[in-house]
Every structure is written in structure tokens, then in C-alpha cells.
Amino acid sequence: MGTLPRLVASLLLCLAVALAAAACGAGGGGEAAAADAIDLSASIEGDGWKVNLADAPEKHLILGKGNITYQAEDENIYLLVFLDLSNTGTVLKVVDRSLLQVRDAAGNEYSASISAHQVAYLEQDGSKEGYSIVLDSPLQPGKSRRGVVTFLVPNSATGLQLMFKGFDGTIELGF
């Protein structure tokens, strides 16, 4: 085999490996918080709400599959937080997007991403059955919802904590 065909074959092999890695999610992050770094029993309560972690948070570079994908840019990553959220009040309430935030060790605060990111993640990862979209949806009194919320944060951010805007207390996220 000549030099050019070997070069082309090598390039095609590299391309095939890169595409396979991307298809398997290797380029998309998928890093989960260490189980010993989070407390699934920790909760934040107030104003008719109770929230706690339902599973270890994850970081992803890419969310979705097929024609519906989102890629974090500019050194950012999607932080996925899996929640159990309860309406402990006596009236129907909508889970306002501004209620949930993430704060890093430097004091920077990050708001929840658009709901389309949550949908893309749920479409991509069949292992998270039973989770739904939390934000911008009503929750009846006395009812709970298990869901996922995404935040776009710098990949280098550390000391990440979940906050319920206007409430005391935070939940450590393990990153």
C-alpha cells in the first residue's frame, strides 16, 4: 500500500474512532458527582416548598441526541441536578424558573437553563426513567415531582451548591 492510501486509511480510522466516541457520549461529559460528596437526605424547605436531591448530579458537555442536541460552549458545562420537589402548601403552585439556582465557591450564581435542555437530556438518557421537567409547570398541594433541572456553569467552577432563591440553606452538589 502506498503512502497516500495509508494516510487516508489512518485518517478514516481516526474519524471513525472520534465518531464512535461521540456517539457513545464520550465527548458529552457524563461525569457524576462522587456519592460520598453529596447528602441525598439534605433538603431545603420554605414558603410551601421542599426540595432535595434525588440522585447524584452530573456534568455533560452535550445534551440530547439525533436532531435535538445542545452543546455547552465557552468553557462551560451543563450541570444536571436531579430533584424531588414537593408542594407542601395548600394551593396549586407553578415552579418558577427563578426559584432554583446554583452558587459556586466564588459566590457566582447561575440560573436554571431553558426547559428544552431538560427535555433533550431526558430524550438522550433512558436510564433516568421516572424523571420529568420540574420548571415552569404546576404542582398540586401535597404532591411531589421527581425531575431534572439543568444549569450552564463554567467547567472550572467548584464548591457548587443548590439554592432555593430567598431561602436559607443550600445543598452541596459534589462538584
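How do β14 and β15 pair, and over how many bridges? They pair in the antiparallel sense, over three bridges. Strands here are DSSP runs of E with at least two residues, numbered from the N terminus. Two strands count as paired if DSSP finds at least two bridges between them. One bridge joins L162 to its partner I171 in β15.

This is a predicted model, in which local features need pLDDT of at least 70, side-chain atom pairs count only at pLDDT 80 or more, and totals for chains, interfaces and linings use all residues. Residues are numbered from 1 along each chain as its sequence is written, and side-chain values use heavy atoms, with hydrogens and water left out.

Now place that pair in its sheet. Four strands form an open sheet in the order β10-β9-β14-β15, with antiparallel pairing. The edge strands are β10 (109–111) and β15 (170–172), and each pairs on one side only. Neighbouring strands of this sheet are turned by 30° against each other on average, direction ignored. The axes behind that angle are lines fitted to C-alpha atoms, for helices over the stretch in contact, and angles run from 0 to 180 degrees between N-to-C directions. What holds strands together in general? Strands of a sheet pair through backbone hydrogen bonds, either parallel or antiparallel.

Look next at Q101. This residue sits in strand β9 (residues 100–103). Is Q101 buried or exposed? Q101 is buried, because its relative accessible area is 8%. Buried means under 20% relative accessible area, exposed means over 50%, and partly exposed lies in between (1.4 Å probe, protein chains only). Leave out residues up to four places away in sequence, and Q101 touches E109, Y110, S111, F151, Q161, L162, M163 and K165. Contact here means heavy atoms within 4.5 Å.

Two of those contacts, E109 and K165, also meet each other. They form a salt bridge, with the closest N and O atoms 3.9 Å apart. E109 is in strand β10, K165 is in the loop between β14 and β15, and 56 residues separate them in sequence. A salt bridge is a side-chain nitrogen of Lys or Arg within 4 Å of a carboxyl oxygen of Asp or Glu. E109 counts as partly exposed because its relative accessible area is 41%. K165 is partly exposed too, at 43%.

How many salt bridges are there by this rule? The count is two. The other entry joins the side chains of D84 and R146, at 3.4 Å from N to O. This pair also links distant parts of the chain: D84 is in strand β7, R146 is in strand β13, and they are 62 residues apart. D84 is partly exposed at 24% relative accessible area, and R146 is partly exposed at 36%. Side chains of opposite charge can pair when their charged atoms come close.

Turn now to the nonpolar residues. In soluble globular proteins, nonpolar side chains tend to be buried together. A nonpolar core is a set of buried Ala, Val, Leu, Ile, Met, Phe, Trp, Tyr and Cys residues joined through side-chain atoms within 4.5 Å. Which residues of the largest core touch the most other members? Of its 32 residues, they are L79, F151, L162 and F164. The elements that give two or more residues to this core are β3 (49–53), β7 (76–87), β9, β13 (144–154) and β14 (161–164). β7 gives the most, with five residues.

Take L79, which is found in β7. L79 counts as buried because its relative accessibility is 0%. Beyond its neighbours within four places in sequence, L79 has contacts that include V102, V149, F151, L160 and F175. L79 and A32 are 47 residues apart in sequence, and 9.6 Å apart in space, C-alpha to C-alpha.

F164 is another of those well-connected members. Outside its neighbours within four places in sequence, F164 is in contact with I44, W49, V51, L85, L99 and L100. A second, separate core has 10 residues, among them L63, L80, A120 and Y131.

End at the loop between β6 (68–71) and β7, where D74 lies. Phi of D74 is near 55°, a positive value in a residue other than glycine. E75 lies in that loop as well. E75 also has a positive phi, of about 65°, although it is not a glycine. Are these residues buried or exposed? D74 is exposed, because its relative accessible area is 67%. E75 is exposed, at 71%.
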